[in-house]
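Reader: I would like a close look at one part of this model, with the terms explained as we go.

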Amino acid sequence: MRLPNKVAVITGASSGMGQATAVLFAQEGAKVAVVDIDKKAGQTTVDMVKQKGQKALLVPTDVTDSSQVISMVEQVMSEFGKIDILVTSAGIWRQGTILDTDEKLWDAIMNLNLRGMFLCCKYCIPEMIKGGGGSIVNISSECGIVTWKNQIAYNVSKAAVISLTKSIAIDFASQNIRANTVCPGTTETPMPLNWLKKQPNPEELRRGIEEIRPANRLGQPEEIAYGILYLASDESPYATGAVLSIDGGATVK
Ligand SMILES: NC(=O)c1ccc[n+]([C@@H]2O[C@H](COP(=O)([O-])OP(=O)(O)OC[C@H]3O[C@@H](n4cnc5c(N)ncnc54)[C@H](O)[C@@H]3O)[C@@H](O)[C@H]2O)c1
């Protein structure tokens, strides 16, 4: 077991990579706080964690709302008594150039992809310090490293996540807090799959997304979860401020 007796807070845990991470972490011995705005799907994750023999706490939370994030941290502390790991996977993806991204869309993307992460880190770090340290894994994207066409707000939010995480790594290394970023490539979760379904030519679009990467396929949520596990666990004590790409090679060129 790689996470014996650890307590992990995972945002976006109702779906996709967050859910896969919650299940893997439970398998590796962690108690999991399932933090998501989607309460119903969150219950499914809780059931999956329990099937692995671990404790789970469902904390329905809108991570863009500081009062809800503060309450979430209080609930986790009350139930589990500590926070060892924070994984921030809650996020949205929307398209648009600067001309067709209105202020409302810009704010919605920045609020969730960046401010939500800022708030969760801000309110978990003091509890980690009290407990002697912790490990934060923030989820960016291949679009945080290279720039994809027609998604300016998403690209900017994901590039900023890398800087947010490195800033935390520098500021809190002396207090035994590590902060690392995982940058997934397009992965088979509801986020891209629901969008593809609505396109007139989903198969052709999917092939295009596959072909731009040497692996020539999309990722699986579990493949991202294993990278998150490495950075979250005590097996990576020297890794902080790192940016781990798991993208089938999309960003090597
Ligand atoms: N799937 C991909 O291809 C891909 C690629 C690169 C990066 N990412 C990033 O990985 C992360 C996870 O993506 P995914 O594919 O698992 O997405 P997903 O859509 O499957 O899951 C996202 C989760 O975030 C939750 N959420 C949305 N708004 C919230 C809010 N205000 N407060 C709390 N929770 C909220 C949703 O309910 C959902 O459970 C995201 O940050 C995404 O940008 C995804």
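What share of the contacts in the protein chain with a separation of 6 or more comes from residues 24 or more positions apart? And where does α4 bend?

Author: This is a predicted model, in which local features need pLDDT of at least 70, side-chain atom pairs count only at pLDDT 80 or more, and totals for chains, interfaces and linings use all residues. Residues are numbered from 1 along each chain as its sequence is written.

The share is 73%, where a contact means two C-beta atoms, placed from the backbone, within 7 Å. The protein chain holds eight helices and seven strands (DSSP runs numbered from the N terminus: H or I of at least four residues for a helix, E of at least two for a strand). The C-alpha trace spans about 50 × 35 × 35 Å along its principal axes.

Now to the helix. α4 covers residues 103-130, which is 28 residues. From first C-alpha to last, α4 reaches 39 Å, close to the expected 40 Å (1.5 Å times one less than the number of residues). α4 bends by about 40 degrees, and the place is N111; the bend is the angle between axes fitted to the seven residues ending there and the seven starting there. Just after α4 comes G132, with a positive phi of about 100 degrees.

For the ligand, other elements matter to the description. The shell has 28 residues, and G12, S15, G16, G91 and T189 come nearest (near means a C-beta atom, placed from the backbone, within 6 Å). The elements giving two or more residues to this shell are α1 (16-27) and α6 (190-197).
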